[in-house]
Amino acid sequence: SYVRSFVPVGDAFGGLVIPVVESAVDSLVRGELGKIRGCADRRCPRHFADDTKSGTRRWCDMKTCGNRAKAKRHRQKAVP
């Protein structure tokens, strides 16, 4: 079994990064890194944790990237 512990170094950047690193380590220990995916929108640099039951989520956010993809598909179908 793994135990994580971080020792704060006292600088502001370290204080901001430590929670991100802790979250990544927790995911690694729980075996959840396989659920991390990149957004299907090539213009989007974001990654997300796919916590859906089927594991088929494609976009980081349906309101932005997912909507753009659906609108593009709709426009392509509408053009004769």
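This is a walk through the structure above, from its overall layout to its salt bridges, one loop and two surface patches.

Let us begin with the layout, keeping in mind that the model is predicted. The protein has two helices and two strands, and read from the N terminus these elements follow the order α-β-β-α. Strand 1 covers residues 36-38, strand 2 covers 47-49, and helix 2 takes in residues 62-78. Of the 80 residues of the protein, 14% count as buried. Two aspartates, Asp 41 and Asp 50, will come up again and again below, and both are buried: Asp 41 has a relative accessible area of 10%, and Asp 50 one of 2%.

Now for the charged pairs. How many salt bridges does the structure hold? There are three, and Asp 41 is a good place to start. This residue is found in the loop between strand 1 and strand 2. One of its partners is Arg 43, with the closest N and O atoms 3.4 Å apart. The other bridge to visit here joins the side chains of Asp 41 and Arg 68, at 3.2 Å from N to O. Because Arg 68 lies in helix 2 while Asp 41 sits in the loop between the two strands, this pair ties together parts that are 27 residues apart in sequence. Taken together, Asp 41, Arg 43 and Arg 68 are linked in a network of salt bridges.

The members of this network differ in how much of them can be reached from outside. Asp 41 falls below the 20% limit for a buried residue, at 10% relative accessible area. Arg 43 counts as exposed, at 64% relative accessibility, and Arg 68 is partly exposed, with a relative accessible area of 40%. Asp 41 has a further link to Arg 43, this time through the backbone: the side chain of Asp 41 reaches the backbone nitrogen of Arg 43 at 3.0 Å. If you select these two residues in your viewer, you can look for both the salt bridge and the backbone contact.

Next comes Asp 50, in the loop between strand 2 and helix 2. Which residue does Asp 50 form a salt bridge with? The partner is Arg 37, and the closest N and O atoms of the pair are 3.1 Å apart. Arg 37 belongs to strand 1 and Asp 50 to the loop that leads from strand 2 to helix 2, so the bridge ties together parts that are 13 residues apart in sequence. Asp 50 itself is buried, with a relative accessible area of 2%, whereas Arg 37 is partly exposed, at 28%.

Staying in this loop, we meet Thr 52, which also lies between strand 2 and helix 2. Thr 52 counts as partly exposed, at 33% relative accessibility. The side chains of Thr 52 and Asp 50 make a polar contact at 2.6 Å. Thr 56 then joins the picture through its backbone nitrogen, which lies 3.3 Å from a polar atom of the Asp 50 side chain. That backbone nitrogen of Thr 56 is also 3.5 Å from a polar atom of the Thr 52 side chain. Looking away from the loop, Thr 52 and Lys 35 are 17 residues apart in sequence, and their C-alpha atoms are 9.3 Å apart in space.

Finally, let us turn to the surface, beginning with charge. Where do Arg 58, Lys 70, Arg 73 and Lys 77 gather? They form a patch of positive charge on the surface. One of these residues, Lys 77, has its place in helix 2 and is exposed, with a relative accessible area of 70%.

The surface also carries a nonpolar patch, made of Leu 28, Leu 33 and Ile 36. Together these three residues have about 280 Å² of accessible area. Ile 36 lies in strand 1 and is partly exposed, with a relative accessible area of 41%. Strand 1 therefore contributes Ile 36 to this story as well as Arg 37, the salt-bridge partner of Asp 50.

Definitions and conventions
Residues numbered from 1 in each chain as written. Heavy atoms only, no water. Patch = residues over 30% accessible without salt bridge, like charges linked within 9 Å, V, L, I, M, F, W, Y side chains within 5 Å. Areas by Shrake-Rupley, 256 points an atom, 1.4 Å probe, with all protein chains shown as cover. Salt bridge = Lys/Arg side-chain N within 4 Å of Asp/Glu carboxyl O. Lys, Arg positive; Asp, Glu negative; His and termini not counted. Charge placed at Lys NZ, Arg CZ, Asp CG, Glu CD. Helix = DSSP H or I, 4+ residues; strand = E, 2+ residues; numbered from the N terminus. Buried < 20%, exposed > 50% of the residue type's maximum accessible area, 1.4 Å probe, protein only. Polar contact = N/O pair within 3.5 Å; in protein donor to acceptor, adjacent residues only side chain to side chain.
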